[in-house]
Amino acid sequence: DYSHAVVIVGAGAGGVAVASSLKARCPDLDIAIVEPNEVHYYQPGWTLVGGGVFNANETVRTVASVIPQNVKWIKAGVAAFSPKENMIVVDGCRTVKYEHLVVCPGIKLDWSKIEGLSETLGENGVTSNYRFDLAPYTWELVKNLKKGKAIFSQPPMPIKCAGAPQKAMYLSCDHWLKEGVLGNIDVQFYNTGAVLFGVKEYVPALMEYVQKYNAHLNFEHQLVKVDGKSKVASFKNLAEPDAPLVETEFDMLHAVPPQSPPDFIKVSPLVDANGWIDVDQSTLQHKMYENIFALGDATNSPNAKTAAAARMQAPVVANNLLYERGVQTGKAIYNGYGSCPLTVERGKVVLAEFGYGGKILNSMPSWVLDGTKPSRLAWYLKEKLLPPIYWEGMLKGREWLAKPKTHTPQ
Ligand code: FAD
């Protein structure tokens, strides 16, 4: 059994960034990260793997190589929380005691909620950029498709990177257009939601691409079943719940699974009625337990679930946790910043950057980069700058783009 001053659950984007941010502020702090997996993924790269721009290998590193020096790695999964005892239980019924806890286990992909999907993923033309091993198959399918029907589906919100289902469509269409085969391909986007993108300022630019690619939009249609052998996808029409399922044949299907809080989180004492970790959206401190913080995809703060959000959240959590420990004198506030670089064609991105309530939060002046317009600079950012910003900046606790302002509470 273990005992540490700070324990972090999950060595993903949020967990590693927060460990590094804490170490940058307080090098002697005794920190342990609990993470069962051997590998850490740069998931934002998977859209570009599916678009034939990145090699999948560029999106993965060992956990051992990303955990900062002098942070202990407890290689196990967390099973349960006992916040009143300041303790978590990990696999094998071992316990880990803490003074402060940071919870960032990410989001669960519910592949099994779509009947028949798991069985056929990776074959019969069925793929998803939401899995490391499948993103290369997306590109295989795109390269080989010369005619027929291509379907892209989007599950109910919330999901991580809400733009990713349509990014896959745009990059595929761009390839088909350049190959001269787009005219022979019927492109269909089936979205469970009722709008193309949740922040309206970005929709006009996206609609131009929908028209350019002649993609057909079907709203309030939820993918519920896939028959891989006969290549038929079935959708529920949410606007007409009593209508029979809409069945349609496909040659390629890019499916995105419904998503939910991880099971061990859902059943824990840390969550709200919907199963997300219940935090104050400004300080990221748990609403009930003062010595617990959370960040990333598993919280109920109403920001876009993105690595960009975690990049801004990590220093806020580090600062506020150290404030609780009496090390830091001011409190930091998170404004809900999240970002979604919409890859509308190879070489151009519509860079959505916004905070709570859909408030636009551009990181550059609009004469340099207008996020509501497709931009080459934003593509350059996505392809060339964001990966090193992630690996060498965010995960190393170098807060070039995320230094939080602090204030001293009265
Ligand atoms: P993760 O990075 O997923 O890490 C969670 C960690 O917790 C994992 O290491 C996991 O193994 C661990 N864990 C799980 N269960 C347990 C347990 N029981 N005990 C201990 N540890 C556990 N974001 C952007 O900013 N821009 C983009 O363009 C973008 N595109 C995306 C495209 C795709 C296809 C996908 C899938 C995601 C994309 N994202 C993007 C979203 C981004 O990857 C996530 O928002 C981000 O990784 C969230 O960080 P996190 O730390 O909450 O979770």
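The exercises below, each with a worked solution, concern a predicted model.

**Exercise 1. The surroundings of the ligand**

Determine how many residues surround the ligand, which of them are the closest, and how the shell divides into nonpolar, polar and charged residues.

*Solution.* Begin with the count, for which a residue qualifies if one of its heavy atoms lies within 4 Å of the ligand. By this criterion 33 residues surround the ligand, and the closest are G14, E35, V78, D297 and A308. Next, sort the shell by residue class, which gives 15 nonpolar, twelve polar and six charged residues. Finally, assign the shell to domains: at least three of its residues come from domain 1 (2–107 + 261–335), and at least three from domain 2 (110–259).

**Exercise 2. Polar contacts and burial of the ligand**

Find which atoms of E35, D297 and A307 lie within 3.5 Å of an oxygen atom of the ligand, and then state what share of the ligand's exposed area the protein buries.

*Solution.* Take the side chains as the opening step: a polar side-chain atom of E35 lies 2.5 Å from an oxygen atom of the ligand, and for a polar side-chain atom of D297 the corresponding distance to a ligand oxygen is 2.8 Å. Turn then to the backbone, where an N or O atom of A307 lies 2.9 Å from an oxygen atom of the ligand. As for burial, the ligand taken alone exposes 1000 Å², of which the protein buries 91%. The elements that contribute two or more residues to the shell are α1 (13–25), α9 (307–324) and β21 (338–345).

**Exercise 3. A sheet of three strands**

Work out the strand order of the open sheet that contains β14, β15 and β16, and identify its edge strands.

*Solution.* The order is β14-β15-β16, and the pairing is antiparallel. To find the edges, look for strands that pair on one side only, a condition met by β14 (221–227) and β16 (246–249). From one strand to the next the twist averages 30°. For the register, note that β14 and β15 (residues 232–237) pair in the antiparallel sense over six bridges, and that the bridge partner of Q222 in β15 is K236.

**Exercise 4. Two backbone features in loops**

Locate the cis peptide bond that involves P158, and state where C93, a residue other than glycine with a positive phi, is placed.

*Solution.* The cis bond joins M157 and P158, with omega about 0°, and P158 is found in the loop between β11 (148–154) and α6 (164–179). For C93, phi is near 60°, and this residue is placed in the loop between β7 (87–90) and β8 (94–103).

How values were computed
Residues are numbered from 1 along each chain as its sequence is written. This is a predicted model: local features need pLDDT of at least 70, side-chain atom pairs count only at pLDDT 80 or more; totals for chains, interfaces and linings use all residues. Side-chain values use heavy atoms; hydrogens and water are left out. A polar contact is a pair of N or O atoms within 3.5 Å; within protein, one must be able to donate a hydrogen and the other to accept it, and residues adjacent in sequence count only if both atoms are side-chain atoms. Accessible areas come from the Shrake-Rupley method with a 1.4 Å probe; for residues, only the protein chains shown count as cover. Helices (H or I, at least four residues) and strands (E, at least two) are DSSP runs, numbered from the N terminus. Ala, Val, Leu, Ile, Met, Phe, Trp, Tyr, Cys and Pro count as nonpolar, Asp, Glu, Lys and Arg as charged, and the others, Gly among them, as polar. Domain bounds come from an automatic or database domain assignment. Two strands pair if DSSP finds at least two bridges between them. Axes are lines fitted to C-alpha atoms, for helices over the stretch in contact, and angles run from 0 to 180 degrees between N-to-C directions.
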